[in-house]
Amino acid sequence: MKKLVRPFSYMVSFLLFGLVLLSCTPDKKAVPGESPDKASSLAQSSVQVKESWEETWGKTLQEAKREGILNINVWGGPRIRESIGKAFKEKYNLDIAWSTGGGLELAEKVLRERRAGIYLADMLISGPGTIVTVLKPAGILEPLEPEFILPEVKDKNSWYGGNLPFYDKEGYIVYLRLSPTTTIMVNTKLAARDQIQSYKDLLNPHWKGKIAWVDPTQPGSGFQYFGVIGEKIMGYDFMRELAKQEPAFSRDRRLVTEWVSRGKYSIGIGTDRATVLQFIEAGATLDEFTPREGTYMGTGGSNIAIFKNTPHPYARRVFINWVLSREGQIHWSRADGYQSAREDVPTNHLEPYEIRQPGINYFILNDEWDQAREKRFALAKEIFGPLLK
């Protein structure tokens, strides 16, 4: 037995020496400055990342098809619902059940349902104000970035300013539209662009009693006009003078458009492009534009928020990725009548004044603007409250 120990020890030493040599042999595939193991790990990781989004997307589509439908609360008009619903159905064979109403109305509906233990809505598409001030503080929203799967959606260079289109820093609200806001609508039989080249032209005694305005004391487009034009462009003294023109108010944006369309009023303030387009297509003599002092870029009713504990999470995820893709944004922009927040979406269906122009600094609305709006509400009620009684 003693004679076998030495040869066996030699054999073990030889094997150990060989293993040491092998461990010292350089890997030709390694990146200079990195260990072979790290280089191999990085290569495998890159493959996994590529496979991951494709695999995740495939599984998401399969599960979405089992769900078959998603429920969306939306502020937008029938033009958006019809166009987006049809395109999404053709693309993925998934249905959308729309529930319509004003932003605050829809938010309160969701909160009532959830207090009763009912979970119907998958998501909301509306103006940002109600989401920021009502739904977000209620703690029922989920962040959106984890929903992003498609590389073209996650690519920051696809979006205006090189940033993903989040309305808030926490990423609970994403917007589809980012367009210069047209601030004046006129019935061209009663008023023309050359008569209102400046906001100050609205103070002409000729227009007294001939201006209709979406209620600036309530959340919405009329209030945004009051806040931005008053605070950032013309000053609140201008708003005080404008109140002397005795404008008529309504909380219904469509009704304001109808008033101007029928000639009851000559000028409309705070209306939305999608509704105006409907009236124009029906033959109304309406026009929209912005006076020379400038405007702001708003997201309008294109803001998306998603709810916790929803009935169709996979169909919802498919919709979010599709509507944020170039294809989805082409459909949305044409139906909405505003410029997409994406940089690669055609604008040939828009007027020049509705398109972002290079070299111009636009005021962009965000959640910080909304969070500071209580003082503006108080001021709007002070200035226009007497006219609403």
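How many bridges join E6 to strand E12, and which way do the two run? The close-ups below take up this and other details of a predicted model.

**View 1. Three strands, E6, E12 and E14, make up an open sheet.** To settle the opening question, E6 and E12 (residues 296–298) are joined by two bridges and run antiparallel. Look for Ser 179, which stands opposite Gly 298 of E12. The strand order is E6-E12-E14, with mixed pairing. Strand E6 (179–180) and strand E14 (363–364) are the edge strands; each has a single partner, so one side of each is left without a neighbour in the sheet. Helix H7 (residues 221–233) packs on this sheet, where it touches E12 and E14, and its direction makes about 150° with that of E12.

**View 2. Helix H7 is mostly covered.** Of its 13 residues, ten are buried. Among them are Ser 221, Gly 222, Gln 224 and Gly 227, alongside Phe 223, Tyr 225 and Phe 226. After the helix, find Gly 235, with a positive phi near 95°.

**View 3. The largest nonpolar core holds 88 residues.** Which of its members touch the most others? They are Tyr 225, Phe 226, Met 239 and Phe 319. Helix H11 (residues 313–323) gives the largest share of this core, with six residues. If you centre the view on Phe 226, its contacts beyond four places in sequence include Trp 213, Pro 216, Tyr 236 and Met 239. Arg 376, Leu 379, Ala 380, Ile 383 and Phe 384 are also among the residues that Phe 226 touches. A second, separate core has twelve residues, including Val 214, Val 260, Tyr 265 and Leu 286.

**View 4. Phe 148 and Phe 166 form a stacked pair, one of 17 aromatic pairs in the model.** Their ring centres are 5.9 Å apart and their planes lie at 10°, so the pair counts as stacked. Phe 148 is in the loop between strand E4 (141–142) and helix H6 (151–154), while Phe 166 is in the loop between H6 and strand E5 (174–175), so the pair ties together parts that are 18 residues apart in sequence. Phe 148 is buried, with a relative accessible area of 5%.

**View 5. Tyr 199 and Phe 238 meet edge-to-face.** Here the rings are 6.4 Å centre to centre, with 70° between the planes. Tyr 199 lies in the loop between strand E7 (184–187) and strand E8 (211–214), and Phe 238 lies in helix H8 (residues 236–243), so this pair ties together parts that are 39 residues apart in sequence. Both Tyr 199 and Phe 238 are buried. Step back a little and you will find them in one aromatic cluster with Trp 213, Tyr 225, Phe 226, Tyr 236, Phe 249 and Phe 384.

**View 6. Two arginines place their charged ends over aromatic rings.** Arg 177 sits with its charged end over the ring of Tyr 338, 3.6 Å from the ring centre. For Arg 342, the ring is that of Trp 159, and the charged end is 5.1 Å from its centre.

**View 7. Thr 271 sits in the loop between strand E10 (267–269) and helix H10 (273–281).** Is this threonine, Thr 271, buried or exposed? With a relative accessible area of 10%, Thr 271 is buried. Leaving aside residues up to four places away in sequence, Thr 271 touches Met 185, Val 214, Arg 253, Val 256, Thr 257, Val 276 and Glu 288. One of these contacts, Val 214, also belongs to the second core of View 3.

Methods. Residues numbered from 1 in each chain as written. Predicted model: local features only at pLDDT ≥ 70, side-chain atom pairs only at ≥ 80, totals over all residues. Heavy atoms only, no water. Pairing = 2+ DSSP bridges. Helix = DSSP H or I, 4+ residues; strand = E, 2+ residues; numbered from the N terminus. Contact = heavy atoms within 4.5 Å. Axes fitted to C-alpha atoms, helices over the stretch in contact; angles between N-to-C directions. Core = buried A, V, L, I, M, F, W, Y, C linked by side-chain atoms within 4.5 Å. Buried < 20%, exposed > 50% of the residue type's maximum accessible area, 1.4 Å probe, protein only. Phe/Tyr/Trp six-rings, centres within 6.5 Å; stacked < 30°, edge-to-face > 60°. Lys NZ or Arg CZ within 6 Å of the ring centre and 35° of its normal.
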